[in-house]
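User: Please take a close look at the salt bridges here and at the parts they connect. I'd like one connected walk-through, with cut-offs, that I can follow on screen.

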Number of protein chains: 2
Amino acid sequence: MTDAHESLDEVDRLVAAWRTERPDLDVEPLQVLSRVSRLAKHLDRARRAAFAEHDLEPWEFDVLTALRRAGKPYELSPGALLRATLVTSGTMTNRIDRLAQAGLVRRRPDPEDRRGVLVTLTDTGLQRVDSAFSGLLRREHDLLAGLDEPHQRALAALLRTLLAPFDAGSSN
Amino acid sequence: MTDAHESLDEVDRLVAAWRTERPDLDVEPLQVLSRVSRLAKHLDRARRAAFAEHDLEPWEFDVLTALRRAGKPYELSPGALLRATLVTSGTMTNRIDRLAQAGLVRRRPDPEDRRGVLVTLTDTGLQRVDSAFSGLLRREHDLLAGLDEPHQRALAALLRTLLAPFDAGSSN
DNA sequence: GTCTACTGTCTTGACATCGAGATACATATC
DNA sequence: GATATGTATCTCGATGTCAAGACAGTAGAC
C-alpha cells in the first residue's frame, strides 16, 4: 500500500519549508490535514464547474440533494436541511428563499407543528438535481481514476476513522 | 484502534440513501470525496477555534504562515501569496490591507519591479504566527490520534495521489 | 391551567470572498 | 524607440455566509 513515492507535491514542499524554519516542531500532521483542506478546495471548484452546465450553484445542489435523498415526497424541514448541509439557520432560510424563487422548491406549513415549515422539491427541482447529480458522479469518478478500487476503499476507511469523532460529537 | 468496520458514519448513511433512491448510479466516489469535503469543513471549524486563542482568523493565519515559511526576511509578493493560499487577487489585496492595519505585516515597494509590492512580516506578526502554529499542530496531532503512524503515512500517500493532477495542472 | 425552558424558523448587520475590469509597469518584437 | 502583449496589483459591486437575537409555538413540571 505504501508505494506512491512519486513526485513531490505542494504539501511536501510546504512541509519541507516548515522543517527548515521550525525544526523544533513535529509537522507530520500537515501531511494529512493540509492535503485534506487543499483537496476540498479543489473539489469545490470542480463541483462548481460541473454544476454550471446545469445552471446550479453548489449551495443549491447541496440543498436539493438532501431533499432528493429523503425520497418521496422529497420533503424536509429547514432544521433537517441545515443539519444535513452543515450551515447555520440564517443561511438556510436565505437558501430556501432563493430556491423557492427559482421554482426548485416549495415551502408549506408543517401541519403537525405550527412553528414548523416543510420544504418540498418541485418537479423542476427534481429533474435538475437528478441530471446534475449524474454529471457530478461522472466527474468524480474521473477524479478518482488514479486509485484502483482497493485503494479507494482503503482511503474511504481511513477518512471514516478521522471523521468519526466529529459525526459523533457535535450534531451542530 | 478499533477497526473502522463498526459504526456507520454520516457518509455511509448518505450513500445508503442514494442507493435506495438511485440504484441505477454508481455512488462509490462519494465514499471518498464526500468524506474529504465534510472533513475539511470540520477542520475549518477546529482551526477557527484553535486560532481564536491567539486572536487570529484562519485567513490571517494562512497569509502569515506563507510568509513565515518563506524564511528570513519573511517577505513575499502579493502574487506569491495568492498562489500559496488559493485565493483571488482582490481577496489578497483586502487581506493584506487588514493585516497591515493590524500591524502584523508591512507593505513596501519592490525595488526591482515598480509594479510590484513586497509584504513583510512584522515582529508582532512573527510572534503571533509562531505561537498560533504550535497551538494548531498540537490540536491537529490530537485529531489524528485515531490513526497510528503507518496508517497516517498511507493516508497521506493516497491523498497525494488524488491531489497530484490539481497541483500539476492549474497553477492558478 | 400556568410557568418555564426549549425548539424551529426567520431577521438583521457585519464580513470575507469572488469576478471583472482598471491602471501602471515590464518585456518582446520589430 | 514604438508598439503590442503580458504581468502585478488594486478597485468595485454583488453575493453567500455567519452570529446573535427576535419571535411564535411546544412540552414538561407543578
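Analyst: **Salt bridges and their surroundings**

Start with a network: salt bridges link Glu21(A), Arg22(A), Asp24(A), Arg68(B) and Asp130(B). A salt bridge here is a side-chain nitrogen of Lys or Arg within 4 Å of a carboxyl oxygen of Asp or Glu. By that rule, the count over all chains is 32.

Some ground rules: this is a predicted model, where local features need pLDDT of at least 70 and side-chain atom pairs count only at pLDDT 80 or more, while totals for chains, interfaces and linings use all residues. Residues are numbered from 1 along each chain as its sequence is written, chains are lettered from A and ligands numbered from 1 in the order in which they are written, and side-chain values use heavy atoms, with hydrogens and water left out.

Now for a pair to zoom in on. Arg68(A) and Glu21(B) meet through their side chains in a salt bridge, at 2.9 Å from N to O. Arg68(A) sits in helix H3 (residues 58-69) of chain A and Glu21(B) in helix H1 of chain B, so this pair joins two chains. (Helices, H or I with at least four residues, and strands, E with at least two, are DSSP runs numbered from the N terminus.) Arg68(A) counts as buried, at 5% relative accessibility, and Glu21(B) as partly exposed, at 22%. On that scale, buried is under 20% relative accessible area, exposed is over 50%, and partly exposed is in between, using a 1.4 Å probe and protein chains only.

Between chain B and chain A the count is six salt bridges. One to pull up is Arg160(A) with Asp12(B), whose side chains meet at 2.8 Å, N to O. Across the same interface, eight residue pairs are in polar contact, both residues being at pLDDT 80 or more. The elements that give two or more residues to the side of chain B that touches chain A are helices H1 (10-21), H2 (28-52), H3 (58-69), H4 (78-85), H6 (123-143) and H7 (149-169) of chain B. H2(B) gives the most, with 15 residues. By class, that side of chain B has 34 nonpolar, 14 polar and 17 charged residues. For the record, a polar contact is a pair of N or O atoms within 3.5 Å; within protein, one must be able to donate a hydrogen and the other to accept it, and residues adjacent in sequence count only if both atoms are side-chain atoms. The classes put Ala, Val, Leu, Ile, Met, Phe, Trp, Tyr, Cys and Pro under nonpolar, Asp, Glu, Lys and Arg under charged, and the others, Gly among them, under polar.

Zooming out, 65 residues of chain B are in contact with 64 residues of chain A, contact meaning heavy atoms within 4.5 Å. The area buried between the chains is about 6,900 Å², and carbon and sulfur atoms give 71% of that. Buried area is the accessible area (1.4 Å probe) that two parts lose on being put together, summed over both.

Next, the salt bridges inside chain A. Arg108(A) bridges to Glu75(A), with the closest N and O atoms 2.8 Å apart. Arg108(A) lies in strand S2 of chain A and Glu75(A) in strand S1 of chain A, so the pair ties together parts that are 33 residues apart in sequence. Arg108(A) is partly exposed, at 37%, whereas Glu75(A) is buried, at 19%.

Arg107(A) has a salt bridge too, with Asp97(A), where the closest N and O atoms are 2.1 Å apart. This one links S2 of chain A to helix H5 (residues 89-101) of chain A, which holds Asp97(A), ten residues apart. Arg107(A) is partly exposed at 37%, and so is Asp97(A) at 36%.

Those strands belong to an open, antiparallel sheet of three in chain A, in the order S1-S3-S2. S1 (75-76) and S2 (105-109) are the edge strands, each pairing on one side only. Strands pair if DSSP finds at least two bridges between them; S2(A) and S3 (residues 117-121) of chain A have five, running antiparallel. Arg108(A) stands opposite Leu118(A) in S3(A).

In chain B, S3(B) (residues 117-121) is largely enclosed by the rest of the structure, because four of its five residues are buried. S3(B) pairs antiparallel with S1 (residues 75-76) of chain B over two bridges, and with S2 (residues 105-109) of chain B over five. Glu75(B) stands opposite Thr120(B), and Val105(B) opposite Leu121(B).
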